[in-house]
Amino acid sequence: MPTPSSTDGVTVLTGSYTPDSGGNGARIAALRLTPGTGHLAHDTGVPPVPVNGASFLAAHPRLDVAYSTNETDPGAVSALVRSRDGQLSPLGGPLSSGGANPCHLTVHPDGDWLLTANYGGDTTPGSVAVHHLAADGRAVELTDVAVHEGSGPVAGRQEGSHAHQVLVDPAGRFVLATDLGADAVFTYRLDTRDGTLERVAVNRLRPGSGPRHLAFAPGGELAFSVDELSSTVTCHRYDAGTGTLTGLSSVPATAVPEVVTNQPGGIVASPCGRFLWVTNRGADTVAAFRVTGTTLEPVDETSAGGTWPRGLTYADGHLLVANQHSGTLVALRVLDDGSLRQAGPALSVPSVVCALVL
């Protein structure tokens with residue numbers, strides 16, 4: 001989506017868990033971020049849009065269209081269009097996500113395909129789905145579903161596969177899907193003629209690590225995984241020719257004493273490639289790391305400004321932290337050394353779990 005001018009502020013959409021998905025959120029809401037100051041405010045001129053279980057949001061690369069997961073069982077995906085005056089409205093009705101509890105999605109760089117990670121359920125495996133997008137951005141057809149296999153050693157979390165993220169590598173050649181349940185990253189080739197996925201590699205990560213999300217360094221030679229179950233962050237070498245990952249080094253996601261059960265969530269690499277940031281659910285912090293060669297060095301660990309920080313989004317020199325349990329969105333200013341400082345008061349957004357900068 002085009003970015004509004006700095007004089008008008010930056011539009012931010014937030015997704016929240018709604019009552020039918022275990023939360024008390026107001027569905028998808030529009031906010032304004034003031035450049036330079038990091039001040040957040042509700043955009044009272046844009047009413048919230050009803051989307052159930054909006055746990056992740058993504059933007060179309062060319063059109064004023066955003067997409068949302070409907071994290072329910074069975075799952076669905078929704079599209080929203082933004083008019084010239086900033087109003088949001090549904091673009092077609094929700095479509096089946098091809099699985100259960102979709103928790104992440106992204107749009108292929110060519111703008112013709114929507115890719116969705118279905119977490120799955122107790123008896124439903126994780127999967128990656130493909131939808132064809134029409135010329136106006138609406139999702140019109142489910143063209144493929146790739147089902148994941150595998151399990152891990154952590155009881156209660158890894159009895160089966162659980163896809164948690166799907167993204168396109170920086171070269172635009174492969175589709176990668178992290179799987180928390182299988183301790184793996186699945187690599188696919190998307191056929192952009194018919195929207196089908198061909199599996200080309202299965203990258204096995206450390207048993208019990210529970211990879212949740214990946215973030216690529218600029219240039220794409222390094223990829224960083226935030227590992228939910230082992231509470232670590234791992235640096236991998238990425239081979240853009242084969243779509244394979246090789247683990248190089250790993251560090252704890254938090255320095256908070258181990259008496260706190262911690263589950264890292266969001267991960268963001270800085271545009272300059274020098275820093276990496278991770279949210280810590282349990283420690284309730286955002287940890288900053290310096291990327292030195294192929295290792296990560298802790299720089300600082302800052303309060304998330306709320307409890308259970310899940311989503312993390314880079315925006316105009318700030319990081320937006322979605323604190324699910326406290327229902328607050330906080331802007332943290334990025335300092336020159338990669339450390340973070342809260343830029344202003346937390347904004348109340350009930351059950352918020354993600355933010356999307358338009």
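Strands are DSSP runs of E, at least two residues long, numbered from the N terminus. The model shown in every view is predicted.

**View 1. The loop between E5 and E6 holds a cis peptide bond at Pro74.**
Pro74 sits in the loop that links E5 to E6. The bond joining Asp73 to Pro74 is cis, with omega about 0°. Most peptide bonds are trans. Glu71 belongs to the loop between strand E5 (65-70) and strand E6 (76-82). Its relative accessible area is 16%, so Glu71 is buried, the cut-off being under 20%. The C-alpha atom of Glu71 lies 6.5 Å from that of Ala54, although the two residues are 17 apart along the chain.

**View 2. The second largest pocket has Glu71 among the residues nearest its centre.**
The volume of this second largest pocket is about 300 Å³. Its lining comprises 19 residues. Tyr17, Glu71, Tyr119, His164 and Arg310 lie nearest the centre. By class, 8 lining residues are polar, 7 are charged and 4 are nonpolar.

**View 3. The largest pocket has a lining of 40 residues.**
Its volume is about 1,200 Å³. Nearest the centre lie Phe56, Leu57, His104, Thr106 and Leu356. Several strands each give two or more residues to the lining, among them E4 (57-59), E9 (102-107), E13 (163-168) and E17 (211-216). E21 (263-269), E25 (309-315) and E30 (352-357) do so too. The lining of the largest pocket counts 26 nonpolar residues, 11 polar and 3 charged.

**View 4. E13, E14, E15 and E16 form an open antiparallel sheet.**
The strand order is E13-E14-E15-E16. E13 and strand E16 (196-204) are the edge strands, each pairing on one side only. Neighbouring strands of this sheet are turned by 25° against each other on average, direction ignored. E13 pairs with strand E14 (residues 175-179) through 5 bridges, in the antiparallel sense. Val166 has Ala177 of E14 as its bridge partner.

**View 5. Asp183 lies in the loop between E14 and E15.**
Strand E15, which follows this loop, spans 184-191. Phi of Asp183 is near 50°, a positive value in a residue other than glycine. Most residues other than glycine have a negative phi. Asp183 has a relative accessible area of 4%, so this residue is buried.

**View 6. E21, E22, E23 and E24 form an open antiparallel sheet.**
The four strands follow the order E21-E22-E23-E24. E21 and strand E24 (295-303) have a single partner strand each, so one side of each is left without a neighbour in the sheet. Neighbouring strands are turned by 25° against each other on average, direction ignored. Strand E22 (residues 275-281) runs antiparallel to strand E23 (residues 285-292), and 6 bridges join the two. One of the bridge partners in E23 is Ala288, which pairs with Trp277. Between E22 and E23 is a loop that includes Asp284. Phi of Asp284 is positive, near 60°, in a residue other than glycine.

**View 7. Ser339 contacts Asp337 through its side chain.**
Ser339 is part of the loop between strand E27 (328-334) and strand E28 (340-342). The side chains of Ser339 and Asp337 make a polar contact at 2.6 Å. Relative accessibility of Ser339 is 4%, so Ser339 counts as buried.

Methods. Residues are numbered from 1 along each chain as its sequence is written. This is a predicted model: local features need pLDDT of at least 70, side-chain atom pairs count only at pLDDT 80 or more; totals for chains, interfaces and linings use all residues. Side-chain values use heavy atoms; hydrogens and water are left out. On a 1 Å grid over the protein atoms alone, a cavity is a set of points where a 1.4 Å probe fits but cannot get out, and a pocket is an open set with protein on both sides within 12 Å along at least five of seven lines; lining residues have an atom within 4 Å of a point. Grid points are joined across faces, edges and corners, and a volume is the space filled by probe spheres set on the points. Ala, Val, Leu, Ile, Met, Phe, Trp, Tyr, Cys and Pro count as nonpolar, Asp, Glu, Lys and Arg as charged, and the others, Gly among them, as polar. Two strands pair if DSSP finds at least two bridges between them. Axes are lines fitted to C-alpha atoms, for helices over the stretch in contact, and angles run from 0 to 180 degrees between N-to-C directions. Buried means under 20% relative accessible area, exposed over 50%, partly exposed in between (1.4 Å probe, protein chains only). A polar contact is a pair of N or O atoms within 3.5 Å; within protein, one must be able to donate a hydrogen and the other to accept it, and residues adjacent in sequence count only if both atoms are side-chain atoms.
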